[in-house]
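Thanks for sharing this one with me. Here are my notes, point by point, to read with the model open beside you.

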Amino acid sequence: MKKLFQLTKLTAATCFFIILYGCNKQDVPLQTDALFEPFSQQELYYWHEDDRILISQDPSLVLIEIDGATLEQAQDYLPLSQTKGIRIGDNNKLQLITSTENALSVFTRHTTNSGRLAFYPAIKTAGNESTAFITNRISVKFPDNSASTAIDAIAQKYNLTFVKETLYAAHIFESSNAKQALKAANAIYENEDVLWSGPDFIMLFNNNSVQQNPPK
């Protein structure tokens with residue numbers, strides 16, 4: 001049986017502290033641009049061990065990740081009144097949570113800096129109201145002694161870029177966007193000789209309380 005490292009059912013998740021500003025929550029239709037295109041119903045799942053975990057997309061929220069920006073520069077991209085959450089994430093990347101409408105505005109205004117910006121859609125697991133964001137990264141664990149030959153083959157087959165090996169011997173890959181990352185993670189688990197393959201989520205702390213592992 002394939003065994004997943006027991007940190008959480010959201011693979012290699014990064015915890016996020018949420019700052020609430022009382023903004024009105026309105027469902028904003030997702031745009032047709034590839035960065036904001038909704039997932040199809042067939043894509044809304046990921047694998048935990050041998051369990052297929054169903055998820056739903058929250059179309060009202062997007063996490064914007066900005067490479068090389070500081071907290072002091074956050075308002076250069078988004079007014080504080082439009083920001084639902086803010087922090088410096090891994091590798092000193094500025095992360096902002098906002099509405100899909102505001103995220104699209106940031107994308108439109110900063111097209112010349114598109115290489116520095118990433119946009120991550122919000123999801124919920126079935127039966128759980130807590131929010132997570134799917135990044136463009138996936139975590140793959142190969143059987144012992146197979147990683148050296150499998151990394152390049154997996155990267156080429158699924159159009160991924162290898163990033164690093166983690167302390168617990170998982171291998172992190174990047175895709176062009178979150179939607180492609182989820183698709184690749186599922187395809188690798190279903191078709192390749194791996195112990196696990198799953199999206200790298202960013203999870204939320206809600207109202208200063210630690211989010212519990214979502215139920216199956």
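1. Let's start at the S2–S3 hairpin of this predicted model. Two residues separate the strands, and glutamate 49, which sits in the turn, has a positive phi of about 50 degrees. Strand S2 covers residues 45-48 and strand S3 residues 51-67; four bridges hold the two in an antiparallel pairing. If you want a landmark at the turn, look for histidine 48, which stands opposite aspartate 51 in S3.

2. Which other strands does S3 pair with? One is strand S6 (residues 117-125), joined to S3 in the antiparallel sense over nine bridges. To get the register in view, take serine 56, whose bridge partner in S6 is lysine 124. Another is strand S5 (residues 93-99), which also runs antiparallel to S3, with seven bridges between them. Here valine 62 is a handy marker, with threonine 98 in S5 as its bridge partner.

3. Stepping back to the whole chain, there are three helices and 10 strands. Their order along the sequence is β-β-β-β-β-α-β-β-α-β-β-α-β. Of the 216 residues, 52% count as buried. Among contacts with a separation of 6 or more, 73% are between residues 24 or more positions apart. The chain exposes about 11,000 Å², and 49% of that area is supplied by carbon and sulfur atoms.

4. Helix H3 deserves a look of its own. The helix takes in residues 178-191. Its 14 residues reach 20 Å from the first C-alpha to the last, close to the 20 Å expected at 1.5 Å a residue. At the N-terminal end, asparagine 177 acts as a cap, with a side-chain oxygen 3.1 Å from the backbone nitrogen of lysine 179. H3 is mostly covered, since 10 of its 14 residues are buried. Several alanines are on the buried list, including Ala178, Ala181 and Ala184, and so are Leu182, Ile188 and Tyr189.

5. Within H3, asparagine 186 is the residue I would zoom in on. Is asparagine 186 buried or exposed? With a relative accessible area of 3%, asparagine 186 falls under the 20% cut-off and is therefore buried. Its side chain reaches the backbone oxygen of tyrosine 45 at 3.0 Å. Leaving aside residues up to four places away in sequence, asparagine 186 touches Glu43, Tyr45, Tyr46 and Trp47. Tyr45, Tyr46 and Trp47 fall within S2 (residues 45-48), which brings us back to the hairpin strand of the opening point.

6. How many salt bridges does a search of the whole structure find? The count is four. One of them joins the side chains of glutamate 43 and lysine 179, at 3.9 Å from N to O. Glutamate 43 belongs to the loop between strand S1 (14-17) and S2, while lysine 179 is in helix H3, so this pair ties together parts 136 residues apart in sequence. Both glutamate 43 and lysine 179 are buried.

7. Another salt bridge pairs arginine 137 with aspartate 200, whose closest N and O atoms are 3.4 Å apart. This pair links distant parts of the chain, with arginine 137 in strand S7 (residues 132-141) and aspartate 200 in strand S10 (residues 196-205), 63 residues apart. Arginine 137 counts as buried because its relative accessibility is 13%, below the 20% cut-off. Aspartate 200 is buried as well, with a relative accessible area of 8%.

8. Lysine 157 and glutamate 192 also form a salt bridge, and their closest N and O atoms are 2.7 Å apart. Lysine 157 lies in helix H2 (residues 147-157) and glutamate 192 in the loop between H3 and S10, so the pair ties together parts that are 35 residues apart in sequence. Lysine 157 has a relative accessibility of 55%, over the 50% cut-off, and therefore counts as exposed. Finally, have a look at Glu65, Arg137 and Asp200, which salt bridges with shared partners join into one network.

Methods
Residues numbered from 1 in each chain as written. Predicted model: local features only at pLDDT ≥ 70, side-chain atom pairs only at ≥ 80, totals over all residues. Heavy atoms only, no water. Buried < 20%, exposed > 50% of the residue type's maximum accessible area, 1.4 Å probe, protein only. Polar contact = N/O pair within 3.5 Å; in protein donor to acceptor, adjacent residues only side chain to side chain. Contact = heavy atoms within 4.5 Å. Pairing = 2+ DSSP bridges. Areas by Shrake-Rupley, 256 points an atom, 1.4 Å probe, with all protein chains shown as cover. Expected span 1.5 Å × (residues − 1).
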